[in-house]
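Open the model in your viewer and keep the selection tool at hand. We will go stop by stop.

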Amino acid sequence: MPKKSTPPSAELDAARAAARNTDSGPAQPAPAAAGKGDRPAQKAIETQALSAGMPANETKPLEHGEANALTTPAGSTVSPSSRLPTASTLSEDGTSAKTGAAAREGVNATIDSLDRVRVDSGGRVLTTNQGVPIADNQNSLKAGARGPVLLEDFILREKITHFDHERIPERIVHARGSGAHGFFECLAPLTEYTRAAPFQSAGKVTPVFVRFSTVAGERGSKDTARDVRGFAVKFYTDEGNWDLVGNNMPVFFIQDAMKFPDLVHAVKPEPHHQMPQAASAHDTFWDFVSLMPESTHMLMWAMSDRAIPRSYRMMQGFGVHTFRLVNEAGESVLVKFHWQPKLGTHSMVWEEAVKISGADPDYHRRDLWEAIEAGEFPEWELGVQIFTEEQAAQFSFDILDATKIVPEELVPVRIVGRLVLNRNPDNFFAETEQVAFCVAHVVPGIDFTNDPLLAGRIHSYVDTQISRLGGPNFHEIPINAPVAQVHNNQRDGMHRQAIHRGRVAYEPNSLAGGCPFQAGAAQGFVSVARRVDAEASADKVRIKPEKFADHYTQARLFYESQSEVEQAHIGNAFRFELSKVTVPAIRERMVASLRNAVPALAERLAKDLGMELPAPMPRALETPAAPEVEISPPLSLMARPGDGGIRTRKVAVLVAHGVEGASLGKLVSALVAAGAVPRLVASRLGTYVGAAGEKFAADATMENSPGFLFDALVLPDGAAAVETLDADAHTLEFLRAQYWHCKTILAFGASEALLAEAQIPLTLPDGSPDRGLILADAANADAAIAEFIEAMGRHRHFERENDPPAA
């Protein structure tokens, strides 16, 4: 019996019906006519055509063979004839105030600027998290005025539940930090060396977020602890985020990430009593480092004044490790990164840091915030040391060793850009606390070396953020989202924010036209394939290279490169820290180790600690290679004084009734013109009347703003004022702190009596003039003010320093 032909209309109806199923389909493609006026059928027809356009994975043969390793092709794609086949749902045209429209073509809108998540509640009523207006935010719902609180009070439960969960785990290290937004501007393109986006042209600007931090203390600890400072920069480049996660010191305590948990466990508060907080001056830290002589170089830095910076704005930053720059041709060179502060490198003295930690534990955080709010935007230059592997092989040290530097005499620092911080965060938690830096975040043109400490950090940072920020989608938190488009096949996970269009979440595919497709070697990130530093051996070993065993040469280089004042401070810091150790054998071991680095320092410490000088600790390498450089002046803080200006420096101007007003008026005007921040300080807040009727509004007191919080001090003229100030015991304490901390003091006329009362000598111990102590009267006020400003620009006057302080 002949087969009955299906009427065309029935065939089309069947195809349209089949297009409405999601669990089965016909053996043959639907006829094109079925799609006319029928969107499900049209989607099926276009989906078939899209998938048929990729009959095979054309790039598969090129995935094999070492010859193809550096020429990875871009993934195969097919363009759909419309947006129908790649849609998640045909109903995406149904819009509302919540759903909005269909996803914009080829766009991940979750990485739009932070404007998309900013909130201003001005003029708005209080609501629940579901947007329900709250009538009463003062009282729980109760069964009668004195009755029990009802479980049905969903407003109370939502509010309390959110409060109970507002704290996330703090960082294990770098828990206490401060951050700011800004930009990096390329000053000199590095296209010869790297294809990295920020360095492609002079004038190119890349948004950044920078976080500064202390390492050892918990989130609520003090800013001014003796500690390493983190200096982490997130570059939001147009090829993805690059995180340069460094410190204010260019070396580290250990050489291999295997020892990082041990180091942190040792420096953290001791687990049996959780003391001390934010300090390394205790047994477990010094027990560990005295048994790890590779720490000696870093200990010199950590005991130097760099561990107590005056401000985040006045410290250097370093990438610590040796990284790679890779150009368009795939050629690589080695690089070290340096941040140089425009204001120069300045630090505190120890006693000052200790006092500030009690009076203002937020000192550095406040300093950064206030500077940006005042329009005094912090600025650094980015310098690079670029050298080849062939050059590195000739160095007396190993560039894979994170306890070593490359002296600038061997490879000069080349300035290639500037960093400016020009916006404070809107919300500390949402931005500074939730920002997630990861050493593994690099962009095309930046690559790693075989540094074994760096290798562990590449893993550890991502792993930590997954735990701390609640899951693998921490990159979607607004502060972490890149400005470059994000498109991959990752889905789900805790706190997923992106709502992906379509049904494809794998690659290769044909149902999404092959998209998103691999970028290929021409556009995507490609690791450097061959590295001289890998050596030829393929043996699996747990060992360090021989040059790693030189633990003392660069420690000696650092110490010998310091000024006499800085060397004295290093000795003082070792003395203080080791005096806190309760086990004499640990002290002895540390001094024995230091004998190999700086014998004179070890001898001084043995004397200061009341112990016999121990024999030198046996060396891991008895005959290290001769160093190329024995003294490197750039290693001293004194090498970078800044421009000598006093912008943002805080000056205390003491006032009381009866002050001579003309000189103070001139002084305040001159300081403001120079960019300094003068503050009128008195016994109490209020308005004070000068000898000629002038009025001075004191906005700080000697009680709430002690002398050590200021960079300089001015004492007024006027007998009545001086008599009043002398009657307040805070005055002499205020004055002595300024003097002992080697700061600049200007005394007008009658206030010289306060110097005598405080037993402040008018000259240095050798009888020479003290350039930081300026005496003046109203007649020579202009000259004295100019001298005062010039003297402030020198930051400190260490020539008056004594150890111990003179009585």
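Two strands count as paired if DSSP finds at least two bridges between them. Keep that in mind for the strand stops. The model is predicted.

**Stop 1: strand β8**

Select residues 379-387, which are strand β8. How many of its 9 residues are buried? The count is 7, so read "mostly covered" with the cut-off in mind: buried means under 20% relative accessible area.

Now add residues 414-423, strand β9. β8 and β9 run antiparallel and are joined by 6 bridges. Pick E381: R418 in β9 stands opposite.

Next add residues 332-341, strand β7. β7 also runs antiparallel to β8, with 8 bridges joining them. Click P341 and look across to W380 in β8.

**Stop 2: the annotated span**

Select residues 127-515. The UniProt record, an unreviewed entry, annotates this range as "domain: Catalase core". Its end C-alpha atoms lie 41 Å apart. Helix makes up 22% of the span and strand 19%.

**Stop 3: helix α2**

Select residues 39-52, the 14 residues of helix α2. From first C-alpha to last, α2 reaches 20 Å, close to the 20 Å expected at 1.5 Å a residue. Which residues of α2 are buried? They are P40, A41, K43, I45, E46, T47 and L50. Show residues 8-18 as well: this is α1, and what covers the buried residues of α2 includes it.

**Stop 4: the open sheet**

Colour the strands in this order: β15-β12-β11-β16-β17-β18. These 6 strands form an open sheet with parallel pairing. Where are β15 (700-701) and β18? Both stand at the edges; each has a single partner strand, so one side of each is left without a neighbour in the sheet.

Zoom in on β17 (residues 744-748) and β18 (residues 773-776). They pair in the parallel sense over 4 bridges. Follow the chain from β17 through helix α19 (residues 752-757) to β18: this β-α-β crossover is right-handed. Then click L746, whose bridge partner in β18 is I774.

**Stop 5: two cysteines**

Select C438 and C742. Are they buried or exposed? C438 is buried, with a relative accessible area of 0%. C742 also counts as buried, at 0% relative accessibility. A disulfide is a covalent bond between the sulfur atoms of two cysteines. How many disulfides does a search of the whole structure find? The search finds 0.

Technical notes
Residues are numbered from 1 along each chain as its sequence is written. This is a predicted model: local features need pLDDT of at least 70, side-chain atom pairs count only at pLDDT 80 or more; totals for chains, interfaces and linings use all residues. Side-chain values use heavy atoms; hydrogens and water are left out. A disulfide is a pair of cysteine sulfur atoms within 2.5 Å. Buried means under 20% relative accessible area, exposed over 50%, partly exposed in between (1.4 Å probe, protein chains only). Helices (H or I, at least four residues) and strands (E, at least two) are DSSP runs, numbered from the N terminus. A crossover is right-handed if, with the strands pointing away from the viewer, the path from the first strand over the helix to the second runs clockwise. UniProt positions are given in the numbering used here, feature names are shortened, and annotations may be inferred rather than shown by experiment. The expected span of a helix is 1.5 Å times one less than its number of residues. Contact means heavy atoms within 4.5 Å.
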